[in-house]
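Hello,

I am passing on a structure that you have not worked with before. Please open it beside this message, and then read on for what turned up in it.

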Amino acid sequence: MTIYSVSYDLNKPGTKYTELYERIKSFGSWAHALDSTWFVSSSKSAAEVQSYLKPAIDKNDHLFVSEINQNHSGWLPAEICEWLRKQMQYNH
């Protein structure tokens, strides 16, 4: 399993996040890290994660999927850091 950061900007006014959130949560193991950033654990490639999420966004929206590894730094809520730590231990 690989841990990915999924970041997005939904640019259409009144955009509903429901479908995107449902798709993200369907990965099973996820954490909503920041307003427009989630972490997911998946056996899929970054391109496959992006392709799976793409139908839930509009053409003028932005989406970025990137692998997270041990070389990361930042300030996040404690429960997100704990989720990330556990996923890193489980996946390595």
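One term before we start: two strands are said to pair if DSSP finds at least two bridges between them. Please also keep in mind that this is a predicted model.

With that term in hand, a good place to begin is strand β2 (residues 29-34), which is joined to β3 by five bridges, the two running antiparallel. The link between β2 and β3 is a hairpin of two residues. If you would like a pair to click on, L34 stands opposite T37 in β3.

On its other pairing, β3 meets strand β1 (residues 2-9), again in the antiparallel sense, over six bridges. Here the bridge partner of I3 is S41 in β3. Strand β1 is in turn joined to β4 by seven bridges, and these two strands also run antiparallel. An example from this pairing is S7, which stands opposite F64 in β4.

Put together, the four strands make an open sheet with antiparallel pairing, in the order β2-β3-β1-β4. The edges are taken by β2 and β4; each has a single partner strand, so one side of each has no neighbour in the sheet. From one strand to the next, the twist averages 25°.

Next to the sheet you will find helix α2 (residues 46-53), which packs on it and touches β1, β3 and β4. The direction of α2 makes about 150° with that of β4. One residue of this helix to look at is S51. With a relative accessibility of 44%, S51 counts as partly exposed, since that value falls between the 20% and 50% cut-offs. The C-alpha atom of S51 is separated by 25 Å from that of W83, and the two residues are 32 apart along the chain.

Now back to β3. How many of the six residues of strand β3 are buried? Six of the six residues (37-42) are, so the strand is largely enclosed by the rest of the structure. In a regular strand, side chains alternate between the two faces of the sheet. In β3, T37, F39 and S41 point one way, while W38, V40 and S42 point the other way, and all are buried.

S41 also leads to helix α3 (residues 78-91), where Q87 has its place. Leaving aside residues up to four places away in sequence, Q87 touches I3, S29 and S41. Is Q87 buried or exposed? Its relative accessibility is 12%, so Q87 counts as buried, the cut-off being under 20%.

Finally, the largest pocket. The space in it comes to about 310 Å³. Its lining has 17 residues, and those nearest the centre are F39, I68, H72, S73 and L76. F39 is one of the buried residues of β3 mentioned above. Which elements supply at least two residues each to this lining? They are β2, β3, β4 (62-68) and α3. The most comes from β4, with three residues. By type, the lining residues divide into eight nonpolar, eight polar and one charged.

If you want a short route through the model, begin with the sheet order β2-β3-β1-β4, go on to the buried strand β3, and end at the pocket lined by 17 residues.

Happy exploring, and best wishes

Terms used. Residues numbered from 1 in each chain as written. Predicted model: local features only at pLDDT ≥ 70, side-chain atom pairs only at ≥ 80, totals over all residues. Heavy atoms only, no water. Buried < 20%, exposed > 50% of the residue type's maximum accessible area, 1.4 Å probe, protein only. Contact = heavy atoms within 4.5 Å. 1 Å grid on protein atoms, 1.4 Å probe; cavity = no way out; pocket = protein on both sides within 12 Å on 5 of 7 lines; lining within 4 Å. Points joined across faces, edges and corners; volume = space filled by probe spheres on them. Nonpolar A, V, L, I, M, F, W, Y, C, P; charged D, E, K, R; others polar. Axes fitted to C-alpha atoms, helices over the stretch in contact; angles between N-to-C directions.
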